[in-house]
Amino acid sequence: MLEPYIAKDQPIEVMGSGSKRSIGRPMQTAATISTASMHGIWMYEPNELVMSAHAGTPVAQIEAELSAQNQMLAFEPIDMGPASGGRRGTQTIGSVFACNSSGSRRVTIGAARDHLLGIEGVTGGSELFRAGGRVMKNVTGYDLCRGLSGSWGTLAVLTEVTFKVLPVPEKTATLIYLGLPDDIGVEVMCAAMRLPYEVSGTVHLPQSMAARLQHSVLVEQGQSITALRIENFAKSVEYRTNALRKALKVYGEPIVIGSTSSQEFWSEMRQLSVMPYNEGTCLWRVSTAPLNGPKVVAAIRRHMPVEVFYDWSGGLIWVEVPASADAGASDVRRAVAVHGGHATLIRADASVRSSVEVFQPQSPLAERLMRGLKTTFDPMRLLNPGRMYANL
């Protein structure tokens, strides 16, 4: 696969379907290797809650197969393609783990990498490797599954992945609180997560962002939306919904939507439908401590207009800013430095992405570790060179 390019010392672009191709720093490469032709589910054991697939298998195909058995990818992989200019619904399972794409259940069930059991791939030195297996806690030595997840194709080309799946909840209910300002919305979400009612997803959309929803019932409310999801067996959902309403009554009486409407709403969150591609704006993904979310947004808003929505109880903020020569990078990173967290530029023109740090600048220790991994897996620095950092 890689030998001809390694022999000529030629840099290589590694991708799946290309849905996230415009995320990261622009690269100068001699060739492109796509895993899209390496597709298919070769092992699925519903009773064991485990599946193995070739890296180029579309997530849509995997979810269709799981749905037939009433199972799911519990970590709800976010589809960042449409928001960054890629095609909707085309991302591959390999790219999901390579980018560690995780949705709203991240706060309760873990990230994509926490569901990855085993991998097979090819290093930048053209060496085949295999790590992990089909069960959890089977790692001796370094956990390569976690190490490679989130590396954006800069360390290896994934060819196969094995991951755990979970049953689809019998029933879902979402409590919708209307008209709350950002700081109170985040307060409600954090309060809900502290209660013993197993809330599995929390998002807050300010009024301007809620108006972008495709969910007609919620758009008609014309107010900000704070959504709390509860799911499990039907009786359990009913009990926990009532208990949560009572515990949070000081914040008002919520609208409660059922399974079908809930699935439509949370599907929109996965697709970032409220952050559609727009050449006139740039998009940042900011991670911080939940209660600091509104502070980060307020700090950025002092310098430019922003549109935002909060996930992970305020710990994940999607921040849309006007397009500019630096995508507001200095102001975004200053706000993050003051309040804690990190920021990744998801959407911007190539000229902007080549002039600013797209991913969060690393501490000296983290950079030293990253250089060590790069030297081990891609000693000639041929795989997606400079995509994450200019000197790696």
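This passage describes aromatic ring pairs, charges placed over rings and two residues with positive phi in a predicted model.

A pair of aromatic rings is described by the distance of the centres and the angle of the planes. In the whole structure, a search finds 6 aromatic pairs. One of these is formed by tryptophan 152 and phenylalanine 359, whose arrangement is edge-to-face, with 5.5 Å from centre to centre and 70° between the planes. Tryptophan 152 belongs to the loop between helix 6 (144-148) and strand 8 (156-164), whereas phenylalanine 359 belongs to the loop between helix 14 (350-353) and helix 15 (364-377), and the pair therefore ties together parts that are 207 residues apart in sequence. Both partners are shielded from the surroundings in the sense of accessible area: tryptophan 152 is buried, at a relative accessible area of 7%, and phenylalanine 359 is buried as well, at 6%.

A further pair joins phenylalanine 265 and tryptophan 266, and because the ring centres are 5.2 Å apart and the planes stand at 85°, this pair is edge-to-face. Phenylalanine 265 and tryptophan 266 are both buried. Elsewhere, Phe75, Phe97 and Phe163 come together in one aromatic cluster.

Two arginine residues are placed over the faces of tryptophan rings. Arginine 229 lies over the face of tryptophan 266, at 4.4 Å from the ring centre, so that the ring of tryptophan 266, paired edge-to-face with phenylalanine 265, also has a charged residue over its face. In the second case, arginine 106 lies over the face of tryptophan 312, and the distance from the ring centre is 5.5 Å.

The backbone was also examined for unusual phi values. Most residues other than glycine have a negative phi. Glutamate 76, although not a glycine, has a positive phi of about 50°; glutamate 76 is found in the loop between strand 5 (71-72) and helix 3 (81-84). With a relative accessible area of 6%, glutamate 76 is buried. Asparagine 100, likewise a residue other than glycine, has a positive phi, near 55°, and its position is in the loop between helix 4 (93-98) and helix 5 (106-109). The relative accessible area of asparagine 100 is 17%, and because buried means under 20%, asparagine 100 counts as buried.

Definitions and conventions: Residues are numbered from 1 along each chain as its sequence is written. This is a predicted model: local features need pLDDT of at least 70, side-chain atom pairs count only at pLDDT 80 or more; totals for chains, interfaces and linings use all residues. Side-chain values use heavy atoms; hydrogens and water are left out. Rings of Phe, Tyr and Trp (its six-membered ring) pair if their centres lie within 6.5 Å; planes under 30 degrees apart count as stacked, over 60 as edge-to-face and the rest as tilted. Helices (H or I, at least four residues) and strands (E, at least two) are DSSP runs, numbered from the N terminus. Buried means under 20% relative accessible area, exposed over 50%, partly exposed in between (1.4 Å probe, protein chains only). A charge sits over a ring if NZ of Lys or CZ of Arg is within 6 Å of the ring centre and within 35 degrees of the ring normal.
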